[in-house]
Amino acid sequence: MTDPLHTPHDRAALPLAPSLDQALVDAHMPTRLPLLDARILRIGLLAVVLGMGVACVARLLTMLIGLVTNLAFFGRLDTTFVSPAGHHLGAWVIVLPAAGGLVVGAMARWGSRAIRGHGIPEAMEQVLTNESRIPARMTWLKPVSSAIAIGTGGPFGAEGPIIATGGALGSLLGQHLPVSADERKTLLAAGAAAGMAAVFSAPVSAVLLSIELLLFERRARSLLPVTLAAAAGTGVRFALEGPGPVFSMPALSAVAPMALIAYALLGVVMGVAGVAITRLTYGIEDAFEKLPIHWMWWPALGGLVVGAVGYVAPATLGVGYENIVAVVSGHLGLAAMAWLALAKLVSWSVALGSGTSGGTLAPLFTIGGAAGGVAGVLLAQLPWLHVDPRMAALIGMAALFAGATRALMTSAVFVFETTLQPHALLPLLAACATAYIVSGLMMRHTIMTEKIARRGVHVPTDFVADHRPDHPL
């Protein structure tokens, strides 16, 4: 750092200058704030209560999705979380997602337009432009609209709406209590982290997601409440559903050096795929913008595509967590994985581009896992590489998400937490890093930030310490 009083040469000539400089710095340095105080304890306690509440809301939302799915596809009153793939509706399945899209469009038009999309960009925008103030109606409009969209066959995961709902609940809590804008942002991020942790039993990656996509900082005053909320949300999930991994699979062995290189190169491919998928999704959204009809009708049109794809590929309907388990466990062959990746991509990108209510995490993990599994099967034909197709599927999941969102650490840690495969950590880090590099070179914005960047919102990407002596800590 360049000294404003003396050049390096002057300091060498004046041996007392360093102590004089330090005295000047000390004289102008404001009183340093304590690292922690009673206020952060209060926010931390609120975050714990919030995390437990969001976990309960997450359970209720999955039950609501199950109820809508059972009613729409099987005609029964049941809240069990089921896949719609085993329906017997025949060609009628084509119109069912369109009907759900019509309801979502109406809710967006007369309720809140903010329910459209996957929720995280909207939360980011409120953090950056509106002091983390999310309207109270979003706490019920988002989960209900998402349950209708997913329950009628929408190819989305439950985690995106729950993350958005948890963030809305945290923001609402912060709006009704005497807290600062920074503390409100912390509560918003804490609610979002608790939602993700409650769905996936992934508290560490939930905290990392909040840091990389919502907090835009890493300070003890924000990190600790978010961590407590994620831990509380995971604890409630353990109590309700048990501590097992969400995507259970056979144990994987340690990675050979040549295989590590192959997985890192697979990350490069997935980084390119992440860029392509981002551009495809927003290209479809731009195409909908050009239609000569009100945007309320777009989700219904997208639903027709979802239904048509679901008619020929039933596995693409609904959440599809069972597809991820089948891919990473090695239960699907080459053709089945390739078909799943392509069909899910078409269904999800059109649905999301149409402006319906749904998430991005599970679809990207499904597409990436299936594509990585295909690559793994092909690379396994070269025995000297020692590539395991199941490991390649994990790499595909994480690296595609890293390439599309540039949430590097979230991507790697998430796949580890949801599968509990310790030998996957090293190749996951390598592949997510290479995917991030490729994405950063090819694309300025990400699938999370492109929407709000188009509205003129600047999204911070790099967080560095300010070493100025007049900056309070």
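# Exercises on a helical chain

**Exercise 1. Is Lys-142 buried or exposed, and which residues does Lys-142 contact?**

Solution. Step 1: Lys-142 has a relative accessibility of 2%, so Lys-142 counts as buried; the term means under 20% relative accessible area, whereas exposed means over 50% and partly exposed lies in between (1.4 Å probe, protein chains only). The model is predicted, so that local features need pLDDT of at least 70 and side-chain atom pairs count only at pLDDT 80 or more, while totals for chains, interfaces and linings use all residues. Residues are numbered from 1 along each chain as its sequence is written, and side-chain values use heavy atoms, with hydrogens and water left out.

Step 2: The place of Lys-142 is helix H6, residues 138-151. Helices (H or I, at least four residues) and strands (E, at least two) are DSSP runs, numbered from the N terminus.

Step 3: Apart from neighbours within four places in sequence, Lys-142 is in contact with Ile-115, Gly-117, His-118, Gly-119, Pro-161, Ala-164, Thr-165, Ser-357 and Gly-358. A contact requires heavy atoms within 4.5 Å.

**Exercise 2. Describe the chain as a whole, by its helices and strands, its buried share and its contacts.**

Solution. Step 1: The chain has 19 helices and zero strands. Step 2: Of its 473 residues, 55% are buried. Step 3: Among contacts between residues at least 6 apart in sequence, 79% join residues at least 24 apart. Step 4: The accessible surface is about 19700 Å², and 69% of this surface belongs to carbon and sulfur atoms. Such areas come from the Shrake-Rupley method with a 1.4 Å probe; for residues, only the protein chains shown count as cover.

**Exercise 3. Which residues make the nonpolar surface patch, and which helix gives the most to the patch?**

Solution. Step 1: The patch consists of Met-258, Ile-261, Leu-265, Val-268, Val-272, Leu-382, Trp-384, Ile-437, Leu-441 and Met-442, and covers about 950 Å². Patches take residues with over 30% relative accessible area and no salt bridge; like charges are joined within 9 Å, and nonpolar side chains (Val, Leu, Ile, Met, Phe, Trp, Tyr) within 5 Å. A salt bridge places a side-chain nitrogen of Lys or Arg within 4 Å of a carboxyl oxygen of Asp or Glu.

Step 2: Helix H11 (257-289) and helix H18 (425-442) each supply at least two of these residues. With five residues, H11 gives the most.

Step 3: Met-258 lies in H11. Its relative accessibility is 36%, and therefore Met-258 counts as partly exposed.

**Exercise 4. What span does helix H10 reach, and which helices do its buried residues pack against?**

Solution. Step 1: H10 (residues 220-241) contains 22 residues and reaches 31 Å from its first C-alpha to its last, close to the 32 Å expected at 1.5 Å a residue. The expected span is 1.5 Å times one less than the number of residues.

Step 2: The buried residues of H10 include Leu-223, Val-226, Val-236 and Arg-237. The buried residues of H10 pack against helix H3 (38-74), helix H8 (181-200) and helix H9 (203-215).

Step 3: Just after H10, Gly-242 has a positive phi of about 95 degrees. Pro-243 follows in the loop between H10 and H11, and is exposed because its relative accessible area is 60%. The C-alpha atoms of Pro-243 and Ser-201 are separated by 7.5 Å, although the two residues are 42 apart along the chain.

**Exercise 5. How many aromatic pairs does the structure hold?**

Solution. Step 1: There are eight aromatic pairs. Rings of Phe, Tyr and Trp (its six-membered ring) pair if their centres lie within 6.5 Å; planes under 30 degrees apart count as stacked, over 60 as edge-to-face and the rest as tilted.

Step 2: One of the pairs, Phe-81 with Tyr-321, is tilted, at 6.3 Å centre to centre and 45 degrees between the planes. This pair links distant parts of the chain, 240 residues apart: Phe-81 is in the loop between H3 and helix H4 (96-110), and Tyr-321 is in helix H13 (residues 321-328). Phe-81 is partly exposed, at 37% relative accessibility, whereas Tyr-321 is buried, at 14%.

Step 3: Phe-365 and Phe-401 also form a tilted pair, with 5.1 Å centre to centre and 45 degrees between the planes.

**Exercise 6. Where is Phe-216, and what is its phi?**

Solution. Step 1: Most residues other than glycine have a negative phi. Step 2: Phe-216 has a positive phi near 55 degrees. Step 3: Phe-216 is found in the loop between H9 and H10, and is buried, with a relative accessible area of 11%.
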